[in-house]
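Visitor: Could we go through this one together, a few spots at a time? I'll ask as things come up.

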Amino acid sequence: MKFQPENTHSDMLSIVFADRNQAYGAYQLRRQYPQTIGRAMAYGFTLIFLFFSIPYLSSKFVDRTVEVIPTPIYEPGPPPDIDPDNPPIPPPPAPTPPPPTRSTMQYVPPVVVRDAEAEDLEVPTVEDLVDTKADVGKKTEKGNDDAPPSITDNPKELAYVEPPKAPVEDRVYEMFDIHKPPSFPGGEAELLKYLAENIKYPPLARENNIQGVVALTFVVDKDGRVREVNVLKDIGGSCGKEALRVVETMPRWLPGEANGHPVKVRFTLPVRFRLE
């Protein structure tokens with residue numbers, strides 16, 4: 001009597017699904033699991049074999065000979081004939097080499113600093129600077145002591161530095177804030193003459209016997225122009241309007257100055273209206 005080994009996997013499935021619905025699908029999937037695993041491993045090994053064998057087979061059967069195309073060699077012909085009417089442009093002259101530089105010795109001007117900020121520099125003495133043939137420069141360099149000294153056409157050390165001018169504020173100054181007040185061309189006498197010749201007594205003020213002083217204020221600009229004319233005091237009868245008209249048509253004044261610069265100055269002018 002021979003012993004026949006039983007299918008353990010099938011027996012386990014029969015025991016597990018003894019009282020269950022074997023037609024649901026899980027029983028068939030588990031029963032076919034060994035065959036599915038076997039086919040998957042066979043396919044995998046086949047793909048791995050093809051992956052490594054295809055390059056080897058292609059190298060055996062595919063011709064990889066590279067065709068070399070010869071490159072033509074250009075052989076230049078004879079140079080063209082020179083046209084006597086149009087000669088070639090001569091090459092530019094070679095640049096002139098710079099003159100040899102002289103030796104320089106560093107000179108550091110003394111500056112008062114703290115000990116922690118001071119640098120350890122070997123400062124040459126005055127005797128060393130007098131005895132040496134080297135020029136005084138910003139750093140010590142070796143050069144040709146027999147070379148002529150370099151000449152600078154416009155050295156910065158000899159350039160004239162203009163003193164900075166005091167900034168002038170662009171504001172309107174009063175008469176007591178400036179050194180030189182503005183003035184009418186010719187002085188005060190010409191101003192009174194100009195007013196007397198140009199002011200016309202208003203008929204309304206003449207009929208009503210209106211007399212008095214009209215006070216006006218205006219600004220003499222930097223260029224002498226009269227601007228911002230206003231009437232501070234009016235006596236009526238259109239006297240203020242007449243004085244305003246004459247002042248606005250004034251010629252340019254001589255501008256006022258502050259610290260030597262022309263500035264804007266406010267000027268107050270009284271105009272007297274009097275009947276004779």
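Visitor: What joins the side chains of Asp221 and Arg227?
Guide: In this predicted model, the two side chains are joined by a polar contact of 2.8 Å.

Visitor: And where does Asp221 lie?
Guide: Asp221 belongs to the loop between strand 4 (212-220) and strand 5 (226-233).

Visitor: Is Asp221 buried or exposed?
Guide: Its relative accessible area is 13%, and because buried means under 20%, Asp221 counts as buried. Apart from neighbours within four places in sequence, Asp221 is in contact with Arg227, Pro255, Val263 and Lys264.

Visitor: Switching topic, how much space lies in the second largest pocket?
Guide: The second largest pocket holds about 360 Å³ of space.

Visitor: Which elements supply at least two residues each of its lining?
Guide: Helix 5 (188-198) and strand 7 (261-273) each do so, and the largest share, 4 residues, comes from strand 7. Among the lining residues are Leu192, Leu195, Val271 and Phe273.

Visitor: How do the residues of that lining divide into nonpolar, polar and charged?
Guide: The lining of the second largest pocket has 9 nonpolar residues and 3 charged ones, with no polar residues.

Visitor: One last place: where is Tyr173?
Guide: Tyr173 sits in strand 3 (residues 172-173), and with a relative accessibility of 9% this residue counts as buried.

Visitor: How far apart are Tyr173 and Val265, in sequence and in space?
Guide: Tyr173 and Val265 are 92 residues apart in sequence, while their C-alpha atoms are 4.7 Å apart in space.

Key:
Residues are numbered from 1 along each chain as its sequence is written. This is a predicted model: local features need pLDDT of at least 70, side-chain atom pairs count only at pLDDT 80 or more; totals for chains, interfaces and linings use all residues. Side-chain values use heavy atoms; hydrogens and water are left out. Buried means under 20% relative accessible area, exposed over 50%, partly exposed in between (1.4 Å probe, protein chains only). On a 1 Å grid over the protein atoms alone, a cavity is a set of points where a 1.4 Å probe fits but cannot get out, and a pocket is an open set with protein on both sides within 12 Å along at least five of seven lines; lining residues have an atom within 4 Å of a point. Grid points are joined across faces, edges and corners, and a volume is the space filled by probe spheres set on the points. Ala, Val, Leu, Ile, Met, Phe, Trp, Tyr, Cys and Pro count as nonpolar, Asp, Glu, Lys and Arg as charged, and the others, Gly among them, as polar. A polar contact is a pair of N or O atoms within 3.5 Å; within protein, one must be able to donate a hydrogen and the other to accept it, and residues adjacent in sequence count only if both atoms are side-chain atoms. Contact means heavy atoms within 4.5 Å.
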